[in-house]
Amino acid sequence: MCLFCKIIAGNIPSTKIYEDNNILAFKDIAPVAPVHIIIVPKVHIESANNVTDENSKYVAAIFEKIPEIAKSQGIDSYRIINNCGEDAGQTVKHLHFHLIGGVKMGEKII
Ligand code: 5GP
Ligand code: ZN
């Protein structure tokens, strides 16, 4: 089982922010900003390269809830990041979106 599947299963503790049948949002263990939430589908999808007709509903479910998750953290301006693959710095091979905010960010992405 991958790290995030273990978190989803409750085998590894996390600080949960939001959960429903399809998605889980929890605090990143090493936050880079005052708000740094990881949002994952509850099914194992390896990366953005593995999104298909069959599982894209989980991606939609994540984006449908992002405004509510952000609001629960007191922000309505934020950056959503997905690292896909080695060169992009994906360290956990379970599709996830970083919701980052609570700080003024520059216009440059990298
Ligand atoms: P990636 O680099 O794959 O896009 O992001 C993985 C993220 O997962 C990193 O920001 C890292 O801090 C976070 N992370 C790694 N292990 C754990 C963990 O055990 N618990 C939590 N809450 N976050 C983790
Ligand atoms: Zn997984």
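**Notebook: helix α2 and strand β3**

I began with the course of α2 and found that the helix bends by about 40° at Ile66, with a proline, Pro67, following within four residues. I note here that I am working with a predicted model, and that every value below is computed from it.

I then checked the length of α2, which covers residues 56–72: at 1.5 Å a residue its 17 residues should span 24 Å, and I find the end C-alpha atoms 25 Å apart, which agrees. Just past the helix I looked up Gly74, which follows α2 and has a positive phi, near 85°.

Next I asked which residues of α2 are buried, and I listed Tyr58, Val59, Ala61, Ile62, Ile66, Ile69 and Ala70. Ile66 therefore appears twice in my notes, as the site of the bend and as one of the buried residues. Looking for what covers these buried residues, I found that the cover includes β1 (16–19), β2 (23–27), β3 (35–41), β4 (78–81) and β5 (97–101).

I turned to β3 and counted 7 of its 7 residues as buried, so I take the strand to be largely enclosed by the rest of the structure. Going through its two faces, I found Val35, Ile37, Ile39 and Pro41 buried on one side, and His36, Ile38 and Val40 buried on the other.

Last, I traced the pairing of β3: it runs antiparallel to β2, to which 5 bridges join it, and it pairs with β5, also in the antiparallel sense, over 5 bridges. I followed Ile37 in both directions, and recorded it as the bridge partner of Lys27, while in β5 its own bridge partner is Leu99.

Notes. Residues are numbered from 1 along each chain as its sequence is written. Chains are lettered from A and ligands numbered from 1 in the order in which they are written. This is a predicted model: local features need pLDDT of at least 70, side-chain atom pairs count only at pLDDT 80 or more; totals for chains, interfaces and linings use all residues. Side-chain values use heavy atoms; hydrogens and water are left out. The expected span of a helix is 1.5 Å times one less than its number of residues. The bend at a residue is the angle between axes fitted to the seven residues ending there and the seven starting there. Buried means under 20% relative accessible area, exposed over 50%, partly exposed in between (1.4 Å probe, protein chains only). Contact means heavy atoms within 4.5 Å. Two strands pair if DSSP finds at least two bridges between them.
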